[in-house]
There are 2 protein chains.
Amino acid sequence: MEIKKDVSEEVVRERITKLQEAMRASAMDGFLLTQNIDLYYYTGSMQNGYAFIPSHGEPVFFVKRSLERAKLESGISVKELGAFRLFGETLAREYPQVFKAGTGKPAAVAADLDVLPAQTYLKLSGLLQGAGAGPIVDGSVIIRKQRMIKSTLEISRFESAAAVVDEALNEALNFLKPGVTELEWMARVEYELRIRGHIGLMRMRGYNQEIATGMFIAGSAAAVPTYFDGPAGGLGLGATSPQSVSRKAIERNEPILMDIGCCIDGYVIDQTRTAVIGELPEKLAHAYNVSEAIIREAENGMVQGAICSALYARALEQAEDAGLSPHFMGYGADQAKFLGHGIGLEIDEWPVLAKGFDIPLEAGMVIAVEPKFTFPGDGVVGIENSYLITDGRPRALTFTREGLIKLP
Amino acid sequence: MEIKKDVSEEVVRERITKLQEAMRASAMDGFLLTQNIDLYYYTGSMQNGYAFIPSHGEPVFFVKRSLERAKLESGISVKELGAFRLFGETLAREYPQVFKAGTGKPAAVAADLDVLPAQTYLKLSGLLQGAGAGPIVDGSVIIRKQRMIKSTLEISRFESAAAVVDEALNEALNFLKPGVTELEWMARVEYELRIRGHIGLMRMRGYNQEIATGMFIAGSAAAVPTYFDGPAGGLGLGATSPQSVSRKAIERNEPILMDIGCCIDGYVIDQTRTAVIGELPEKLAHAYNVSEAIIREAENGMVQGAICSALYARALEQAEDAGLSPHFMGYGADQAKFLGHGIGLEIDEWPVLAKGFDIPLEAGMVIAVEPKFTFPGDGVVGIENSYLITDGRPRALTFTREGLIKLP
């Protein structure tokens, strides 16, 4: 079968050049990429191995498996990893300008320590220090910063994903009737997503976080708090899957939160709509309107140079003005502390619209903005779109009709 | 909504008592559990936080989110985690018998370092050392060993999962026709799995490994090697999902490998069957028969006391006797080096039927045995069942009809 390059060598070269610039600015001599997503971004391939990027010179993807496939996919040079215990020597031989054992000048090598398991980190540290490096330093910040800015190629994949979510949601809405369980409806929307190319899961960088396609949660079950680092939780299928769908049947006149995403050609999209069969209670209908007002205000504010934390602060203000502060982004002690999050190859990218994130927006960022309100016992309402920051107003990448979706 | 305890306090207490025995045998004073699956196994809850198990005395689950839910789910004491930067002091206050700063006797604290990201490991190490501990040691081996032996409760969950896979597979077989793509059929079987309670993904402990429901791969696309640490790979949906299903249409007279699993109430099951629409070429039909002969031999050999590596060696012998060594468990450089693997809360548990795994089988182990043969350009054939080791012959937990599934 034909294995195609997913990104061109030029794209890979550009990404690596930018990484090397950031490395030199941080006095790093080399970067060891270990995670599948990081490997894909900088090589074009997520085969099993380690890519070494020197601050000057040519990178190499050292592959364990599949070497054959990596050679077809990678935009950088591919070599066989060989015995893991000899990896330090392999690197020293390949990069004598970086590893100068015995000169008293240990090489500063970084890795993606926010995801690399400690056990492997300790082994790699030992091998690299034996080859003349200092302790491996955490380079995840410069990777996450670089990946904030998306290219035209990447934007086109978000667009494909947004179209898939829209089609799948509209198809599945035909099956939304009282008595259908959250699980049954989710199975239907997941089927519609999958036949359109969803890879089956949405990748997350955060430890212990997992998500296949999102949440479809209704009424009181939606408002159950959970460990998931988002504004809505869900009763889930029990303690072993304590989030998202449960076996609760959908009822009339209760809020139905449809926080649905997918991953197409590597890129995730994130969109939420709220539906009701019948009529929402006044309190919830009001809160839904406030969520739309907050997202409109965010659209006005998300221009180049706007500060992420200020956008979050403005949303908090709006929630407070509406008398809904305790319900905003979760309830009470279980409130999530953000308004939006970067998306890309992973669902939890940077920037985050949150306190402490005092960086300015730049054109090319893609951010999911998701104002939501939780009412224990009643449910969750809200809206979410994914936006591309441009040199003018933000461009919504998600486009399913807005407004409360009312079904008869 | 009602949050129910998933395992009783008695079960949790038993598991913790066993862990404490193993800790004392390894001279560990405390164990810090960090991963969601490890937390669930030893507390009954996978909320966000850290559980501390002293070698003597009462464990505590320190929870960040959701505290409310953890209190309802956990079989051990739950306390609020509080500020992360003060976690060392919190532990020292709670466990003065473990953390004796200034006495010159640093506490030996272990953690699940095979999964804990290095960045968090380094922060936790700093906090714990400030509180009087030595460097955190890797305790993952004792967790993985303990979890090898399953209880009656756990077995009943595998049985539920096996029933779901059987039903879903039989339903989906109605849609298996020439021209249907791998992706389309997979979407169908995933729908059938999901409405029966599959949580949406199958958890893996290995770094960079991911799987939603398994592989449905046919003909030449099935034989494409990939990074996935298993005997079959698959063309996949591109470099960003380089395994399992592709958009290849199913053809007549080619092998169709249906390696399908699911996760029910936390427990995964793993089963493979081979199908063909029409007739298999003689070479592949022969290889399929050899895979059945290997699994029959494994059934005879998997008794208490049998050595894991010897079972693998015997399968290698059978493959060699059949003249199929280069095709066994992948082809050439991309061969997987095992015959079977433990399953449980994760798909890649212990023991592994592989070289170097020189431990004896014990009653209560659950192992997926999956002899397969890969023919580049032609496809993959094989069979897989999940077995419970007993005090007699192994009991197959998977029960879908065996033999090559021939469709007209």
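**Which residues of chain A are linked in a network of salt bridges?** They are D38(A), D114(A), R147(A), K150(A), R205(A), E346(A) and E349(A). The views below come from a predicted model, in which local features need pLDDT of at least 70, side-chain atom pairs count only at pLDDT 80 or more, and totals for chains, interfaces and linings use all residues. Residues are numbered from 1 along each chain as its sequence is written, chains are lettered from A and ligands numbered from 1 in the order in which they are written, and side-chain values use heavy atoms, with hydrogens and water left out.

**View 1. R205(A) forms a salt bridge with D38(A).** A salt bridge here is a side-chain nitrogen of Lys or Arg within 4 Å of a carboxyl oxygen of Asp or Glu. In this pair the closest N and O atoms are 3.0 Å apart. R205(A) sits in the loop between α8 (182–195) and β7 (214–218) of chain A, and D38(A) sits in helix α2 (residues 36–43) of chain A, so the pair ties together parts that are 167 residues apart in sequence. Helices (H or I, at least four residues) and strands (E, at least two) are DSSP runs, numbered from the N terminus. Are these partners buried or exposed? R205(A) has 6% relative accessibility, so R205(A) counts as buried. D38(A) is buried too, with a relative accessible area of 0%. Buried means under 20% relative accessible area, exposed means over 50%, and partly exposed lies in between (1.4 Å probe, protein chains only). Both residues belong to the network of salt bridges named at the start. A search of the whole structure finds 57 salt bridges over all chains.

**View 2. E317(B) and R314(B) form a salt bridge within one helix.** The closest N and O atoms are 2.7 Å apart. Both residues lie in helix α11 (residues 308–321) of chain B. They are three residues apart, about one turn of the helix. E317(B) has a relative accessible area of 42%, so E317(B) is partly exposed. R314(B) is also partly exposed, because its relative accessibility is 29%.

**View 3. K372(B) forms a salt bridge with E370(B).** Here the closest N and O atoms are 2.7 Å apart. K372(B) counts as buried, because its relative accessibility is 0%. E370(B) is buried as well, with a relative accessible area of 4%.

**View 4. S55(A) lies in a loop of chain A.** The loop runs between β2 (48–54) and β3 (60–65). S55(A) has 9% relative accessibility, so S55(A) counts as buried. What does S55(A) touch? Leaving out residues up to four places away in sequence, S55(A) touches Q20(A), M23(A), R24(A), M28(A), D29(A) and G30(A). Contact means heavy atoms within 4.5 Å.

**View 5. A363(B) lies in a loop of chain B.** This loop runs between β11 (349–353) and β12 (366–369). A363(B) is partly exposed, because its relative accessibility is 32%. Residues up to four places away in sequence aside, A363(B) touches I149(B), Q304(B), I389(B), T390(B) and D391(B). A363(B) and G219(B) are 144 residues apart in sequence. In space they are 38 Å apart, C-alpha to C-alpha.

**View 6. Chain B meets chain A.** In contact are 76 residues of chain B and 77 residues of chain A. The area buried between the chains is about 6300 Å², and carbon and sulfur atoms give 53% of that area. Buried area is the accessible area (1.4 Å probe) that two parts lose on being put together, summed over both. R65(B), Y207(B) and T240(B) supply 13% of the area that chain B buries against chain A, more than any other three residues.

**View 7. E190(A) and R194(B) meet across the chains in a salt bridge.** Their side chains come to 2.7 Å, N to O. Between chain B and chain A the count is five salt bridges. On the side of chain B that touches chain A, the largest share, nine residues, comes from α8(B).

**View 8. A turn of 180° lays chain B on chain A.** The RMSD is 0.0 Å, and the shift along the axis is 0.0 Å. That is the relation of a two-fold axis. Copies are superposed by least squares on the C-alpha atoms of residues with pLDDT of at least 70 in both. The same surface serves both copies, and 100% of the contact residues of chain B recur in chain A.
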